[in-house]
Amino acid sequence: MDALLQVIDGFSISLQPHNLWYTFIGVFMGTVIGVLPGIGPSAAMALLIPFCYDLSSTSALIMMAGIYYGAQYGGAITSVLINTPGESSSVMTAIDGYQMARKGRAGAALAISAWGSFIGGTTAIIALTIFAVPLTTAALSFGPPEYFMLMLVAMTCVFSLTGSSPAKGMLSTMIGLAIATVGTDLQSGQIRYSFGVPALQEGIDFIIVVVGVFAVGEVLSALAEKFQSTGDIIKLDGKLMLTREEWKRSAKPVARGSLIGFLVGVLPGAGATIASIVSYSVEKSNAKHPEEFGKGAIEGVAGPETANNAASTGSMVPLLTLGVPGSGSTAVLLGAFIMFGIQPGPLLFQNHPDVVWGLVNSMYVGNVMLLLLNLPLIFIFVRLLYIPKGLLFPIVLVLATIGIFAINNLEFELFLCLAFGLLGFVFRKLDIPLAPMVLAVVLGSLMEQSFRQAMTISGGSLSIFLHSMVSISLAILCVTILVFTIFKTSIRGRRAPAT
Amino acid sequence: MKKHSKLPVPSMALITAAFMASLALGTSAIAQEAWKPSKTVEIVVGSAAGGGNDKSARALQKVLSESGVTESVVLNKTGAGGGLAYGYVSQKKDPHFIGIAQGGIMSNHISGRSELDPLTDVTPLSYMGNEAVAIAVRSDSPYKNITEFVEQLTKDPASLAISVGSDRGGVNHGAVALLAKERGINPNQLKIVIFSGGAESVTNLLGGHIDAMSQLQNNAIPHHQSGAMRILCLTSDQRAQAVPDVPTCKEEGFDVVMTNWTVVIGPKSLTEEQVKGWEAVLRDANASPTWKALIESVAGDGRYMDSATTREFLKEDYAQAKDLMTELGLAKKQ
């Protein structure tokens with residue numbers, strides 16, 4: 001009963017006019033930041049810290065959290081319109097989102113992203129309110145072997161959804177894994193493949209790869225198309241928002257995405273990204289027309305966009321209950337808590353219920369605001385498609401340059417980004433999928449580290465991967481996906497040998 | 001009126017002369033008084049937003065602004081184990097560039113990750129405080145104190161998986177290696193697990209995936225207070241107020257003191273006045289409530305040292321770290 005009172009009390013805090021105002025500022029900034037590729041929420045939140053000193057701790061945290069989950073809404077916009085995911089969790093959205101835009105359904109793709117994000121986010125807050133504490137125990141059962149198996153499941157999903165040619169998908173994945181090995185190896189402290197370049201010692205930032213292969217690569221191939229005059233003009237077609245049919249197709253993906261997103265998000269690590277991958281492959285394997293995936297299936301946008309938002313809310317669970325940040329942006333949020341003398345962790349719910357529930361409940365309000373903010377914005381954003389490419393692409397390049405330079409203020413990384421742009425161009429020409437490479441860059445190092453951590457703990461025995469029920473179940477899942485994929489590919493190959 | 005018009009002329013000259021004289025006097029007075037930052041200061045950090053010394057930088061930024069000294073911006077420049085950030089400050093000819101350094105500036109030079117020599121390439125301006133390392137186990141662990149824990153390691157050094165966070169060769173690793181050495185255990189035989197940071201060590205310890213962690217104390221203290229973990233000892237020279245029941249390693253008979261310090265550094269070539277000026281500013285900053293709150297948030301020790309004392313301290317610290325890292329096989333071969 002006490003707990004319930006605290007939750008209700010939290011509403012009275014989050015609905016105070018000044019807190020509503022800070023929620024609005026936060027989610028508005030988050031949307032803007034989410035749209036700009038490169039400038040991530042963590043950098044924006046860190047910049048904001050000095051301005052928070054004069055606010056009450058609750059107001060400041062409400063505002064910063066608003067940036068955090070607000071950025072997840074904006075991430076879909078560039079993925080759909082210019083095929084440039086702003087964050088790793090939006091990579092899956094770009095696959096079908098951009099194809100939808102090319103078919104004239106950009107408005108629908110953005111609308112389902114906004115609705116999916118809203119539903120996923122809200123479901124996750126409800127789950128957070130009810131299950132935060134018991135789920136913490138479940139999240140703790142994930143050690144290095146379990147994480148490795150989870151990454152393996154994610155990589156298997158990536159591989160299984162690479163479409164027509166498994167060989168090309170494999171090639172893309174392998175190149176991504178190779179890129180992930182650049183930099184200082186955490187386990188031994190050795191520097192690998194840096195070629196004496198100091199900037200490479202910390203590895204290659206994911207944003208450089210994603211902006212390079214997606215944004216710069218897109219500009220390059222559009223340029224090539226122009227010279228060969230094969231370029232098609234993207235137009236809007238039919239109703240701007242969702243049709244009844246599209247709603248019907250999206251309902252289940254959104255529901256499943258909410259669940260997958262929250263559960264995966266609770267695990268600290270690459271939560272939102274893995275959630276979006278898992279959701280995409282679940283949708284593809286459940287779809288009536290899996291062949292539409294990669295060509296503009298709305299399920300492929302609805303599922304991952306819902307899941308990544310639910311996951312970003314889910315990752316508030318380990319932050320609040322354990323004081324463990326799962327990502328760069330939650331690390332900044334943790335820093336803000338500590339700055340105000342509040343230690344997130346086991347005692348937070350007892351010591352500062354007003355702050356916790358004020359913050360959590362502000363997220364309900366924030367999600368409503370984001371929906372109301374994002375739906376009308378679609379009318380404006382889709383106009384981007386009418387900007388002549390001669391104008392749009394230079395703008396994309398400028399934004400990409402600013403975004404990349406803002407990460408580390410290093411000129412070298414601009415050249416690196418350009419090089420990835422060329423790689424992206426070549427991939428497009430050879431019809432090699434980009435997503436597996438990009439996701440392998442994100443997950444590769446995590447996967448390697450957890451494998452080697454497990455090996456250290458077990459003293460070199462592989463049996464550690466079969467020591468817990470969690471990792472055994474994940475191993476079975478992995479094999480199932482693999483068998484299923486090979487089986488399906490061979491059946492499809494037999495039925496339609498022409499493709 | 002016209003009659004008087006001629007009179008002011010000589011007096012004008014006089015006034016001007018007097019004004020000029022006072023101006024000249026004034027400048028010399030300022031020069032003698034002390035140098036002070038006169039434009040926006042850039043505080044350079046070798047880690048990303050949200051990291052350890054990023055927090056210190058942003059607290060310093062707030063202090064400088066509140067006390068009216070100067071406005072400042074924080075610049076995150078990651079790469080080469082902080083080498084890029086400190087190298088950037090090192091070469092500046094302008095005292096308005098400072099950096100926040102921690103133990104990594106030493107270990108990354110010793111390991112060869114960074115070319116920047118912390119003893120000669122930068123000017124230490126002030127020592128601003130430190131945080132000790134906690135050796136912690138889960139509360140259901142059979143090891144009730146550090147003696148029992150190290151005894152088990154004496155029997156079999158590789159029998160316990162110990163996490164030291166992300167930094168092989170850093171203070172966390174150094175602390176547990178020194179504890180082992182105290183009882184004649186070869187620190188290279190310990191089973192050291194590296195995670196991406198302290199937070200991951202915490203979840204893995206709480207989840208029972210590892211046996212112990214050697215981690216900056218802010219990671220362990222909230223869990224010790226909640227009863228989920230037991231801190232066996234702290235590597236500070238005195239107990240922390242936040243956990244008065246936890247002994248120091250020294251009290252338990254291990255002569256190990258190891259802390260992660262925060263030092264503000266400036267460019268290599270600074271004049272004596274500029275160093276003195278920064279000392280004054282940073283001494284005040286160190287005593288400010290904001291900085292004290294930052295130190296308190298990690299239950300740290302906020303002691304201050306001026307530039308000369310810090311330089312001596314760093315020399316000693318470097319030699320110690322180098323010895324240990326050489327023994328662990330992590331120092332760059334010369």
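**Reading a two-chain model: core, interface and helix crossing**

Guide: Let's start with one residue in this predicted model. Skipping neighbours within four places in sequence, Ala136(B) is in contact with Leu205(B), Ala212(B), Met213(B), Ala220(B), His224(B), Met229(B), Arg230(B), Ile231(B) and Leu232(B).

Visitor: Which residues touch the most other members of the largest nonpolar core?

Guide: Ala136(B) again, along with Ala154(A) and Val438(A); that core holds 251 residues. As for elements, helix H6 of chain A, residues 106–140, gives the most to this core, with 17 residues.

Visitor: Okay, on to the interface. How many residues of chain A are in contact with chain B?

Guide: First, the general idea: the size of an interface is often given as the accessible area lost when the parts come together. Here we can go by contacts instead: 43 residues of chain A meet 44 residues of chain B. On the chain A side, the elements giving two or more residues are helices H3 (41–48), H14 (328–339) and H19 (435–458). H14(A) supplies the largest share, 5 residues.

Visitor: And how many residues of each class are on that side of chain A?

Guide: Sorted by class, the side of chain A touching chain B has 23 nonpolar, 19 polar and 1 charged residues.

Visitor: Last one, helix crossings. At roughly what angle do H2 and H4 of chain A cross?

Guide: Look at how the axes approach, then at the angle and the handedness. The axes of H2(A), residues 17–35, and H4(A), residues 57–82, come within 6 Å and cross at roughly 30°. This crossing of H2(A) and H4(A) is right-handed. Their contact has 17 nonpolar and 15 polar residues, with no charged ones.

Definitions and conventions: Residues numbered from 1 in each chain as written. Chains lettered and ligands numbered in written order. Predicted model: local features only at pLDDT ≥ 70, side-chain atom pairs only at ≥ 80, totals over all residues. Core = buried A, V, L, I, M, F, W, Y, C linked by C-beta atoms within 7 Å. Buried ≥ 20, exposed ≤ 12 C-beta atoms within 10 Å, placed from the backbone. Helix = DSSP H or I, 4+ residues; strand = E, 2+ residues; numbered from the N terminus. Contact = placed C-beta atoms within 7 Å. Nonpolar A, V, L, I, M, F, W, Y, C, P; charged D, E, K, R; others polar. Axes fitted to C-alpha atoms, helices over the stretch in contact; angles between N-to-C directions. Left-handed = near helix turned anticlockwise from the far one by under 90°.
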